[in-house]
Amino acid sequence: MAIIRQLYVQVLVAIVLAIVFGLMAPEAATQMKPLGDGFIALLRMMLGPIIFCSVVLGLTHVRDMRQLGRLAFKSLLYFEILTTLGMVVGFIAVNVVQPGDGLHAGNLALNESVTRISNSASSFTAVGFFLSIIPTTIVDAFAKGEILQVLLISVMVGAALSVGLKKDSAILHGIEEGQDVLFRMLGFIMKLAPIGAFGAMAAAVGTHGGATLLYLGKVVLLYWVTAVVFVVVVLGAVCAIMRLSLFKLLRLIREELLLVLGTASGEVALPRLMQKLEQAGCDGSIVGFVLPAGYSFNLDGTGIYMAIAVGFIAQATDTPFSYGQQVAVLAVMLLTSKGGTTVAGGAFIKLAATLQSVRVLPLNGLGLLFGIDRLMATCTALTNVVGNTVAVFAIARWENALDTAKLDAYLARGAAAPVEDDAEAARAAIVGAGE
């Protein structure tokens, strides 16, 4: 059947099988975790080189450095506004529903895992965060896979080439060929997506049993509902202002969302999104800059999670938490929510950093959320991926660099086309962007 050849269908089938397997044979299912870990590791391996090639090739077509500065300003302004809105929505939801009210869990003890995470988060400082963007060496940035460091190097290389680039530059052609090879490698890796999603989901269900699916405490349900409302209302409004259809964009990235659902990691979607969004009509320089930057600065889901989590902890531990204190914590979270990558559990670490910074709420409240972090992390990653996709299209429209006819044509022919078949088209689109 032709439909079974579609990647998103294969991933969906794998997720369903993983859930059944995890419930029926939990001990065996937990042994599947290396399949998911290996798949994520393969994709993370591709992040640095793909970001470098995409950003450099995009910026070589930006001859005016003022254009680059304008793009950076618009992107960061957009990121900050949307992340703040996400946190505000989260605080409103947790104050209205009050999911932790009556739990009276003020005497919880810290478990070993929470202690380890909180200790690692205690070293967070604003100065340290900004200094961490600068790598020790150029090679070190790629070796560690730090997105912000790779992005910094990519912007510097792209800007340098755009100033003194010759039309027949061998360096440019080399990077173009390198990107072509990377996308073909990505195509090979994506064939393993159903196996990776199966391994990650089976291990999660096997470890926590039905709790992975049915541990729908009020805070989990509240978070998912709030995230959906944010996507439909807030991001839907952004799309409406930009004269775009939110549901059309969701259809465009359906495969990536299913991969994120199975792995609880937004990183698995980044390499393919960078190619797909460009093929769907967004200018290469916009995609190459906005999407990687968004993975560190435009974390709508993380903001919602942290707002609901701190409110829940205050309610569950019977800690007074006035509106003034909530505003102060929100200001701190605008910083602590930034940076890092969207791997499973990343928001939990940032939450620990926030509690260490403000010291208004008891740190042992983290133990309440540790057991359900998988459910929360999945929703966080999904929301972040949708938010960053909308951000790319919004900035592209803002910069008059969006080809809507190309988007419609791409959707019409099927957004789920194999990556390896589209590698040449992606390369042609990048080259054509500068003509």
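In the next few minutes I will talk about the annotated membrane spans of this structure and then about one pair of helices. Please keep in mind throughout that what we are looking at is a predicted model.

Let me begin with the record, where an unreviewed UniProt entry lists residues 7–26, 38–59, 71–94, 147–165, 192–215 and 221–244 under "transmembrane region". If we take residues 38–59 from that list, we find that the chain there is 100% helix and 0% strand, with the end C-alpha atoms 32 Å apart. Residues 221–244, another of the listed spans, are 88% helix and 0% strand, and their end C-alpha atoms lie 29 Å apart.

Now I would like to turn to helix H9, which covers residues 170–190, and helix H15, which covers residues 270–279. Their axes come within 11 Å and cross at roughly 125 degrees, and because angles between 115 and 145 degrees fall in the oblique class, H9 and H15 are described as oblique to each other. The crossing of these two helices is left-handed.

Which residues in H9 and H15 meet? On the H9 side they are Phe183, Leu186 and Met190, and on the H15 side they are Pro271, Arg272 and Gln275. Sorted by character, the residues of this contact comprise 4 nonpolar, 1 polar and 1 charged.

Finally, let us stay with H15, where 10 of the 10 residues are buried, so that this helix is largely enclosed by the rest of the structure. The buried residues include charged ones by name, among them Arg272, Lys276 and Glu278. Just after H15 comes Gly281, which takes a positive phi of about 115 degrees.

Terms used:
Residues numbered from 1 in each chain as written. Predicted model: local features only at pLDDT ≥ 70, side-chain atom pairs only at ≥ 80, totals over all residues. Heavy atoms only, no water. UniProt positions renumbered as here; feature names shortened; annotations may be inferred. Helix = DSSP H or I, 4+ residues; strand = E, 2+ residues; numbered from the N terminus. Axes fitted to C-alpha atoms, helices over the stretch in contact; angles between N-to-C directions. Parallel < 35°, antiparallel > 145°, perpendicular 65-115°, else oblique. Left-handed = near helix turned anticlockwise from the far one by under 90°. Contact = heavy atoms within 4.5 Å. Buried < 20%, exposed > 50% of the residue type's maximum accessible area, 1.4 Å probe, protein only.
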